[in-house]
Amino acid sequence: MRKPICCATILFAIWGHSAAAQDLESFRKIYPQADPFLGEQLGETEIEDAFSLANDLSNTIRRDYVNGSARRDAHPKAHGCVRASFSVREDLPAELTAGVFQPGAQYDALIRFSNGSPNAAGDDRNGDTRGMAMKLYGVSGAKLFADPASPDAQDFIQISSPYFFVNGSSGYTEFFAIVNKGDLLPMFKIPFILGWQGTINAAKMLSQKIPSPLDANYFSVTAYQFGDGDARVAVKYNTKPCAAAEQTYPVNGPNYLRHAMQAQLNTTPACFDFSIQKRPDDSFSTEDTISVWDEEKAPSVPVAKITIPVQEFDTAAQNAACEQTSFNPWHSNATHKPLGTVNRMRRVVYETISELRKSMNGGATQ
Ligand code: HEM
């Protein structure tokens, strides 16, 4: 639960900001290199911007949470973490074979479903973008940034929208500050902060309603490297239910998404197709997360099935373990390197916030 703001917490936030400001150099050391071959271009002030974004979000967490109860800044409300298996197609086409995508490969997986809103106590009946963060275990090879708790994990993080509302740090914190306050008047500022396309995307993202986390489409939004050396290309991912849902569940309370997921998994497994969308040419940007790659020119090809078996996930122990996990697009082999400004910023922002929650809660995140 977020705590009320008072003068002392504001002073602490300011102090926290200046204390962390000494670490810009350590950010520079770990900040990802851009790959011009795949259309990446480092922004002039990008590292400084990522640094101040990480500081702003850290200050918000310190201001809003007491020690012992710190949560993720984004997607703090989980619907649950479920066990899953990830099975790559036996007949995988050669041009879609790289890294974890090997014909017939099988991985154990963990999936955390969430709401995007920074409000951890939010009502599922409100429109929102939903998250699907997946960890594949047992993936050999060096990681760009190994998950300290699962060094062999390859993460894939997706949301229920094919686009984002910003192309970098600009506008991210201002937007959430306005939306979270909920006052109507400052909402008029949003088009000036996000621009028209960003505003339209944000409006659509914040009005999404889904019947169940197991009955929604998810997208990587950002681009990723696929393959190595001169054979490397850029791709995006998406995950869609294998078939239309057979059952419907009641929208019967603020946590109905968790209940709908448990109700299905009491009796019926869930199935998703995981697809790859290959960038056909350089006109498809790897830096722009506001625009969508046109399916006509860059069709999605299913490469793997995700199966979520019947299970009881909604237990106190499993929910606590779920809270301790950390997903990061950089928990990845170089073959699947995250691309673009937003992804590069996520390298340092996610680690900063995850570490902060760990230190405030006095334990290790996984
Ligand atoms: C500037 C852009 C972004 C910023 C600043 C940002 C920030 C964050 C932060 C701070 C967290 C919590 C990390 C933790 O404590 O472990 C998070 C989680 C998450 N973000 Fe982002 N994010 C950005 C872009 C995106 C994009 C483009 C996607 C689209 C896939 C995305 C999807 C998610 C999801 C699904 C989670 C929850 C992961 C989990 O279940 O642990 N984010 N984000």
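1. Where does the ligand sit? The ligand sits in the largest cavity. A cavity here is a set of points, on a 1 Å grid over the protein atoms alone, where a 1.4 Å probe fits but cannot get out. A molecule is taken to sit in a cavity if more than half of its atoms lie within 2 Å of the grid points.

2. The model is predicted: local features need pLDDT of at least 70, side-chain atom pairs count only at pLDDT 80 or more, and totals for chains, interfaces and linings use all residues. Residues are numbered from 1 along each chain as its sequence is written, and side-chain values use heavy atoms, with hydrogens and water left out.

3. The shell around the ligand holds 23 residues, a residue being counted when one of its heavy atoms lies within 4 Å. Arg72, Arg112, Arg346, Tyr350 and Arg357 are the closest. By class the shell has 12 nonpolar, six polar and five charged residues. In this scheme Ala, Val, Leu, Ile, Met, Phe, Trp, Tyr, Cys and Pro are nonpolar, Asp, Glu, Lys and Arg are charged, and the others, Gly among them, are polar.

4. Strands β3 (130–136) and β4 (154–159) and helix α9 (341–361) each supply at least two shell residues. Helix α9 gives the most, with seven. Helices (H or I, at least four residues) and strands (E, at least two) are DSSP runs, numbered from the N terminus.

5. The iron atom of the ligand has a single donor from the protein, the OH of Tyr350, at 1.9 Å. Tyr350 belongs to α9. Donors are N, O and S atoms within 2.8 Å of the metal (3.2 Å for Na, K and Ca); water is not among the atoms, so the site may look incomplete.

6. Three arginine side chains should be checked against the ligand. An N or O atom of Arg112 lies 2.6 Å from a ligand oxygen, and one of Arg357 lies 2.8 Å from a ligand oxygen. For Arg346 the partner is a ligand nitrogen, at 3.5 Å.

7. Ser326 is in the loop between α8 (316–324) and α9. Its side chain makes polar contacts with the side chains of Ser354 (2.6 Å) and Arg357 (3.4 Å). A polar contact is a pair of N or O atoms within 3.5 Å; within protein, one must be able to donate a hydrogen and the other to accept it, and residues adjacent in sequence count only if both atoms are side-chain atoms. Ser326 is buried, at 8% relative accessible area. Buried means under 20%, exposed over 50%, and partly exposed in between (1.4 Å probe, protein chains only).

8. Two further loop serines have side chains that pair with backbone nitrogens. Ser285, between β8 (270–278) and β9 (300–308), is partly exposed at 30%; a polar atom of its side chain lies 2.9 Å from the backbone nitrogen of Glu287. Ser212, between α6 (190–205) and β5 (218–219), is buried at 4%; the corresponding distance to the backbone nitrogen of Leu214 is 3.0 Å.

9. Backbone angles merit a look at two positions. Most residues other than glycine have a negative phi. His75, in the loop between α3 (46–64) and β1 (78–88), has a positive phi of about 55°. Val221, in the loop between β5 and β6 (224–226), has a phi near 65° and is buried, with a relative accessible area of 6%.

Terms used: On a 1 Å grid over the protein atoms alone, a cavity is a set of points where a 1.4 Å probe fits but cannot get out, and a pocket is an open set with protein on both sides within 12 Å along at least five of seven lines; lining residues have an atom within 4 Å of a point.
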